Amino acid sequence: MQNNQNLRWGLIILIVIGFTFVLYLNYDSKGEAPSKTSSQDVSSQANQSSEETVESVSEASSQTDESELESESDVETTLDVDTTNQSNRVAVVPSQSSEESESSTENSSDEEGTETSLSSSESESQEEDETSESDSEASVASSESNSEDESTSEDESTEEDETNESKSEASSALSENSSQDESQEDESTESSSESELTFDDIYQTDLMDENGIEPLDLDAYKNMADVIDQTLTEFNVNSSEISLAYYNFHNEEHYYLNENELFTAASITKVPLSALYIDLINSGEYQLDSELDYSEALFEAGAGNITNGPLENSYRIEELITEAITHSDNTAMNILKAEYDKEFGNFREDILTFARIDEKPEDFLDSNLSSAYITEQVLIKIAQDDAYSGLIDLMFETSPPQLFTSYVKNEMMANKFGRYEQAVNDSGIYYENNQPQYALVVLSDNINQADQFLEVMNLRVNQWFRAHN
């Protein structure tokens with residue numbers, strides 16, 4: 001029994017010595033076993049392949065950086081050119097540079113993502129190599145894995161590039177939309193800022209305080225008609241003594257009182273006469289610098305630089321209209337009337353045509369009369385047609401401020417007043433943000449406190465209008 005055990009141990013020792021001797025013979029001069037590929041060699045090959053891939057990515061990144069540097073150089077050159085040529089193009093160039101910078105940042109991020117993906121691929125390859133039972137199968141699997149990883153990496157890179165391009169285009173569109181939105185917000189802010197007028201912006205508060213005029217008590221009135229009626233009662237004005245017309249440009253609301261009754265027009269006729277000349281200029285019959293003849297028969301005392309200056313043989317149409325509207329120059333108006341009647345017939349008839357009024361009262365054609373309705377229709381037309389914007393500008397400069405522009409500032413109200421004997425009239429258009437808000441015409445004859453009545457009437461109409469529009 002003991003001999004059998006010794007024999008077994010002897011055999012084991014011989015086998016171990018023989019196996020060791022065989023292994024020794026299989027090693028090469030460097031102490032390596034070429035007949036087998038260790039997991040470390042496979043890992044080394046995978047690392048080498050990955051390093052080559054990373055170097056390729058690095059070279060591509062370097063080329064991208066050089067391309068971006070050249071692009072930035074081109075942008076700087078373009079900016080310099082644009083700066084010397086057109087300032088509005090300078091705003092475009094930085095915007096493009098910014099987009100390229102964002103694109104470069106996204107590409108850099110993509111490269112980092114690719115490197116991370118490759119590192120992950122290397123780790124997976126090493127794990128596969130270490131767990132592989134067959135060295136050759138591990139090598140094949142590693143090769144297939146690397147091939148699949150490279151294919152996947154390329155597909156992912158292509159998808160990411162397409163996604164980045166899509167994002168870039170979307171970003172550009174959003175940037176444009178954002179610019180438009182910001183521009184609209186700026187315009188909206190400016191519009192809101194313009195519409196937020198204060199009490200002092202609109203009214204002559206010093207004069208109101210001096211005359212003891214209080215702001216309108218809105219609770220004391222039901223509507224615009226009530227405002228007008230109570231103002232008539234306060235000043236003890238009989239409704240038969242005035243012709244009144246009110247028009248709201250927002251809702252096209254009218255309020256009339258004796259609107260078709262003819263009253264002495266005085267100087268309010270100068271507005272429709274000037275409008276007729278604007279039509280003649282626009283049709284080519286005249287030019288602004290066309291000269292119209294003056295004669296002594298056309299002289300009429302009053303205000304204005306023509307009436308009170310050295311008289312000349314002729315005057316330009318532009319000068320005549322300017323003096324007739326801003327300073328209510330009677331001589332200027334007479335020169336315009338004489339020329340029109342000589343060349344085109346009765347200007348009063350054409351005023352009715354201009355105001356789109358079919359009925360032509362005899363008294364209106366023969367005398368300097370008008371009604372609140374006729375005058376209102378003229379104001380509505382010139383306020384809604386840009387062809388007469390120059391005439392409106394002159395009405396803003398009516399001097400000196402009075403009647404409708406005593407308490408409501410004249411930069412807010414384009415008006416033309418008129419006085420003749422007992423007649424005191426005013427007609428005007430109230431503006432905010434360069435848009436007409438309402439028109440008001442009041443013609444009066446022989447009423448007490450006519451000036452104060454017209455001043456307060458427009459002030460109260462204005463305050464009620466602003467509170468409800």
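A salt bridge here is a side-chain nitrogen of Lys or Arg within 4 Å of a carboxyl oxygen of Asp or Glu. E432 and R466 meet this rule, with their closest N and O atoms 2.5 Å apart. The two residues link distant parts of the chain: E432 sits in strand β8 and R466 in helix α17, 34 residues apart.

This is a predicted model, in which local features need pLDDT of at least 70 and side-chain atom pairs count only at pLDDT 80 or more, while totals for chains, interfaces and linings use all residues. Residues are numbered from 1 along each chain as its sequence is written, and side-chain values use heavy atoms, with hydrogens and water left out.

## The chain as a whole

The chain holds 17 helices and nine strands. Helices (H or I, at least four residues) and strands (E, at least two) are DSSP runs, numbered from the N terminus. Of the 469 residues, 37% are buried. Buried means under 20% relative accessible area, exposed over 50%, and partly exposed in between (1.4 Å probe, protein chains only).

The accessible surface comes to about 27200 Å². Carbon and sulfur atoms hold 43% of that surface. Areas come from the Shrake-Rupley method with a 1.4 Å probe; for residues, only the protein chains shown count as cover.

Contact means heavy atoms within 4.5 Å. Among contacts in the chain with a separation of 6 or more, 63% join residues 24 or more positions apart.

## The five-stranded sheet

Five strands form an open sheet in the order β2-β1-β9-β8-β7, with antiparallel pairing. Its edge strands are β2 (254-257) and β7, each pairing on one side only. Neighbouring strands of the sheet are turned by 5° against each other on average, direction ignored. Two strands count as paired if DSSP finds at least two bridges between them.

Start at the β2 edge. Four bridges join β1 and β2 in the antiparallel sense. Y246 stands opposite Y255 in β2. On to β9: strand β1 (residues 242-248) runs antiparallel to β9, and seven bridges join them. There, N248 has Y438 of β9 as its bridge partner.

Strand β9 spans residues 435-445 and is mostly covered, with nine of its 11 residues buried. Strand β8 (residues 423-432) also runs antiparallel to β9, joined by 10 bridges. G428 stands opposite L440 in β9. β8 and β9 make a hairpin with two residues between the strands, where N433 takes a positive phi near 55°.

Helix α15 (residues 389-396) lies across β7 and β8. The helix runs at about 65° to β7. Axes are lines fitted to C-alpha atoms, for helices over the stretch in contact, and angles run from 0 to 180 degrees between N-to-C directions.

## Salt bridges

The count comes to six salt bridges. The table gives three pairs, including the one above.

| Pair | Closest N to O | Placement |
|---|---|---|
| R460 and E234 | 2.4 Å | R460 in helix α17 (residues 450-467), E234 in helix α8 (residues 224-234), 226 residues apart |
| E349 and K360 | 3.4 Å | E349 in helix α12 (residues 347-354), K360 in the loop between α12 and α13 (362-366), 11 residues apart |
| E432 and R466 | 2.5 Å | E432 in strand β8, R466 in helix α17, 34 residues apart |

How covered are these side chains? R460 counts as buried at 15% relative accessibility. Its partner E234 is partly exposed, with a relative accessible area of 49%. In the pair that ties β8 to α17, E432 is buried, with a relative accessible area of 12%. R466 is partly exposed at 27%. For the third pair, E349 is partly exposed with a relative accessible area of 34%, and K360 is partly exposed with 35%.

## A buried lysine

Where does K409 lie? K409 is in the loop between α16 (404-407) and β7 (413-420). K409 is buried yet has no salt bridge. The nearest side chain of opposite charge is E411, 4.5 Å away. For charge, Lys and Arg count as positive and Asp and Glu as negative; His and the chain ends are not counted.

Not counting residues up to four places away in sequence, K409 touches D200, D201, I202, Y203 and Q204.
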